[in-house]
Amino acid sequence: MGTPAPQQIWGTLSQAARDDAYNNTKAVTNSAEIAAARDAASAGFRARLPEHLDVPYGSAPRQKLDLFPAEEAGAPCLVFIHGGYWQRNARELFATYAEGLAAAGWSVALPGYTLAPEARLTDIVAEIGAALDWLKGSGPAHGIAGPLVISGWSAGGHLAAFHLGHPAVSAGLAISGIYELGPLRDTYLNTALRLTDEEIATLSPLRLPVVNKPLAIAYGTREVPALIHDARTFHALRAGAHAPGPLVPVAGADHFTILASLSQPDGILARAARSILADAL
């Protein structure tokens, strides 16, 4: 399995090897079973808490939020952004990952966004910013008025890291994210993304000024090497700038099983979210 760095190694890889470097579905042979179980659990969780689902934050069909407010309006809120390389999945399929922190007394908000190729990555980033604006202004009317911890998995990890600097955000938890976009242009993923030089330069967290807010960066030790490399490199960049937040390797987890610990109140990712907020307050 190739990694995107150093560049001299990436440049020697075949097209198939470059594609495999970011193909999480291929790397995890039972990923379809994991996703099916996730979808079923998420449908059950949404059915039990239907009062604040499909709340629009914009006019486009996927510009909606699923909200799970805590009993206390001032409780912290995890804003969890789904993954799928910005071109697959939906917020509804990830509701089960609200369960761990909801059980710990937090609110949870899951924003949707328009997928590529219908939307460019620039537009997707802007949509998540609009969702955060909405939560800041309209969240209290839905029982969500506490500090926001932005989080996300895979592509959602990228979007969470990018929006750490949003004024409504207190801290972040980026899970299995992609923080350098350049190599993606050399892979099958770019058919839908159509990344430009400007997008790579302005939307890659590894190329941007470090945001001095707490950010936990998590990855599974059985992830594809490209994502492990991004997590470690991004954390090193932040540590070099004395920005707060731990690197959180989840032992034995792959790209899909890593999220199980977010569904459990005492799971490593749920604990990381609580810890990173404590660092911010």
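This passage describes the sheet, the nonpolar cores and the aromatic pairs of a predicted model.

The strands form an open sheet of 8 members. Their order is β1-β2-β4-β3-β5-β6-β7-β8, and the pairing is mixed. Strands β1 (55-56) and β8 (247-250) stand at the edges. Each has a single partner strand, so one side of each is left without a neighbour in the sheet.

Strand β6 covers residues 169-175. Of its 7 residues, 6 are buried, so the strand is largely enclosed by the rest of the structure. In the sheet order, β6 stands between β5 and β7. Strand β5 (residues 148-153) pairs with β6 in the parallel sense, over 6 bridges. Within this pairing, Ile150 stands opposite Gly172 of β6. Gly152 has Ala174 of β6 as its bridge partner. The connection from β5 to β6 runs through helix α7 (residues 155-162). This β-α-β crossover is right-handed. On the β7 side the pairing is also parallel, with 4 bridges between β6 and β7 (residues 215-220). There, Leu173 stands opposite Ala216 of β7.

Strand β3 lies between β4 and β5 in the sheet order. Val79 belongs to β3. Its relative accessibility is 2%, so Val79 counts as buried, the cut-off being under 20%. Beyond its neighbours within four places in sequence, Val79 is in contact with Leu148, Val149, Ile150 and Ser151, among others. Its contacts also include Ala109, Pro111, Leu132 and Leu135. The C-alpha atoms of Val79 and Val169 are 9.3 Å apart, although 90 residues separate the two along the chain.

Nonpolar side chains tend to be buried together in soluble globular proteins. Here, the largest nonpolar core has 57 residues. Tyr22, Trp86, Tyr113, Leu181 and Leu184 have the most contacts inside this core. Helix α6 (residues 121-138) gives the most to the core, contributing 8 residues. Leu184 touches two others of the residues with the most core contacts, Tyr22 and Trp86. It also touches Ile178, Leu189, Asn190, Leu193 and Leu195, when residues up to four places away in sequence are not counted. Another core, of 35 residues, lies apart from the largest one. Among its members are Leu110, Val250, Ile258 and Ile276.

Aromatic rings were also examined. The count comes to 9 aromatic pairs. A pair of rings is described by the distance of the centres and the angle of the planes. For Phe80 and Tyr97, the centres are 6.4 Å apart and the planes lie at 50 degrees, so the pair is tilted. An angle over 60 degrees would have counted as edge-to-face, and one under 30 as stacked. The pair links distant parts of the chain, with the two positions 17 residues apart in numbering. Phe80 is in strand β3 (residues 77-81), while Tyr97 is in the loop between β3 and α5 (99-103). Both Phe80 and Tyr97 are buried. The two residues belong to one aromatic cluster, together with Phe94, Trp153 and Phe256. Phe94 has a charged partner as well: the charged end of Arg38 sits over its ring, 4.4 Å from the centre.

Definitions and conventions:
Residues are numbered from 1 along each chain as its sequence is written. This is a predicted model: local features need pLDDT of at least 70, side-chain atom pairs count only at pLDDT 80 or more; totals for chains, interfaces and linings use all residues. Side-chain values use heavy atoms; hydrogens and water are left out. Rings of Phe, Tyr and Trp (its six-membered ring) pair if their centres lie within 6.5 Å; planes under 30 degrees apart count as stacked, over 60 as edge-to-face and the rest as tilted. Buried means under 20% relative accessible area, exposed over 50%, partly exposed in between (1.4 Å probe, protein chains only). A charge sits over a ring if NZ of Lys or CZ of Arg is within 6 Å of the ring centre and within 35 degrees of the ring normal. Two strands pair if DSSP finds at least two bridges between them. A crossover is right-handed if, with the strands pointing away from the viewer, the path from the first strand over the helix to the second runs clockwise. A nonpolar core is a set of buried Ala, Val, Leu, Ile, Met, Phe, Trp, Tyr and Cys residues joined through side-chain atoms within 4.5 Å. Contact means heavy atoms within 4.5 Å.
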